[in-house]
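I opened this entry to keep a record of what I looked up, beginning with the ligand and then turning to charged pairs.

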Amino acid sequence: MSVRDGLARVRERIVAACARAGRDPADVTLVAVSKRHPVERVREAWEAGQRVFGENYVQELASKADAAADLEGVEWRFIGHLQRNKAKLLARPGVVVETVDSERLAAELDKRARAAGLVMPVLVQVNVGGEAQKSGCEPAELDAILAAIRGAAHLDVRGLMTIPPATDDPDDARPHFAALRRLAEDRGLKELSMGMSADLEAAVAEGATIVRVGTAIFGARP
Ligand SMILES: *Cc1c(COP(=O)(O)O)cnc(C)c1O
């Protein structure tokens, strides 16, 4: 299956899920997760109209962003675990960090964004599933992190992101998606990044405004 066909199918799934939920597909941003795929796949997706791409590794994002710098209107979303000593590489125009999970990381990103003369859009990653090994802050830590971001002149918080516990049944993710939505609603946050190839319908049903889809667009990762 070509990237163009994969994208078309995923867009159809989003439209159908929105129709079932009585939502406008224009309110759901598709992040094409290109991690571990060569930049040529990013070009193919761009030619098929895709503009927003997701990456898990800082160095990979930076080198792909350089290699695709000629593609107009591209936005990069960092969706992996971010170490503070790598934050500097992400402080560049067109990058959104979806995985802020501590006050210290927020402070570091603010410092790097200021040095680069940017205001960086960010989301806070929340571990709503309560898994011990997962990244993301605990729900109890969220307000302190949001306060730190809101006090930072060079960060702009847009919403929350989560990765639910892995499962075979996408419906198992729904309570976690619903929990993220309630955390965002209670705090006046608009964007909800949740849902991947296997469970984007469940995420859209629970209010996702951003879905992060890799395999269903690009095929299995090499
Ligand atoms: C890899 C990844 C995705 C995409 O997963 P697929 O199952 O390939 O759609 C989405 N979100 C995060 C955080 C990821 O690491």
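The notes below follow the order in which I looked things up.

Before anything else, I noted that this is a predicted model, and I read every value below as computed from it.

Ligand surroundings. I asked which residues come nearest to the ligand, and found that, of the 13 residues around it, these are Lys35, Ser197, Gly214, Thr215 and Arg221. Sorting the shell by class, I got 6 nonpolar, 4 polar and 3 charged residues.

Polar contacts. I then went through individual atom pairs, and saw that a backbone N or O atom of Gly214 lies 2.8 Å from an oxygen atom of the ligand, while an N or O atom in the side chain of Arg221 is 2.8 Å from a ligand oxygen atom. For Arg212, I found a polar side-chain atom 2.9 Å from a nitrogen atom of the ligand. On its own the ligand has 380 Å² of accessible area, of which the protein covers 89%. I also checked where the ligand sits, and the place is the largest pocket.

Salt bridges. I recorded 16 salt bridges in the structure, and I picked out one of them, between Arg92 and Asp66, in which the closest N and O atoms are 2.8 Å apart. Asp66 belongs to helix α3 (residues 58–67) and Arg92 to the loop between α4 (87–90) and β4 (95–100), so this pair ties together parts that are 26 residues apart in sequence. As a reminder to myself, side chains of opposite charge can pair when their charged atoms come close.

Technical notes: Residues are numbered from 1 along each chain as its sequence is written. This is a predicted model: local features need pLDDT of at least 70, side-chain atom pairs count only at pLDDT 80 or more; totals for chains, interfaces and linings use all residues. Side-chain values use heavy atoms; hydrogens and water are left out. A residue is near a molecule or strand if one of its heavy atoms lies within 4 Å of it. A polar contact is a pair of N or O atoms within 3.5 Å; within protein, one must be able to donate a hydrogen and the other to accept it, and residues adjacent in sequence count only if both atoms are side-chain atoms. Accessible areas come from the Shrake-Rupley method with a 1.4 Å probe; for residues, only the protein chains shown count as cover. On a 1 Å grid over the protein atoms alone, a cavity is a set of points where a 1.4 Å probe fits but cannot get out, and a pocket is an open set with protein on both sides within 12 Å along at least five of seven lines; lining residues have an atom within 4 Å of a point. A molecule sits in a cavity or pocket if more than half of its atoms lie within 2 Å of its grid points. Ala, Val, Leu, Ile, Met, Phe, Trp, Tyr, Cys and Pro count as nonpolar, Asp, Glu, Lys and Arg as charged, and the others, Gly among them, as polar. A salt bridge is a side-chain nitrogen of Lys or Arg within 4 Å of a carboxyl oxygen of Asp or Glu. Helices (H or I, at least four residues) and strands (E, at least two) are DSSP runs, numbered from the N terminus.
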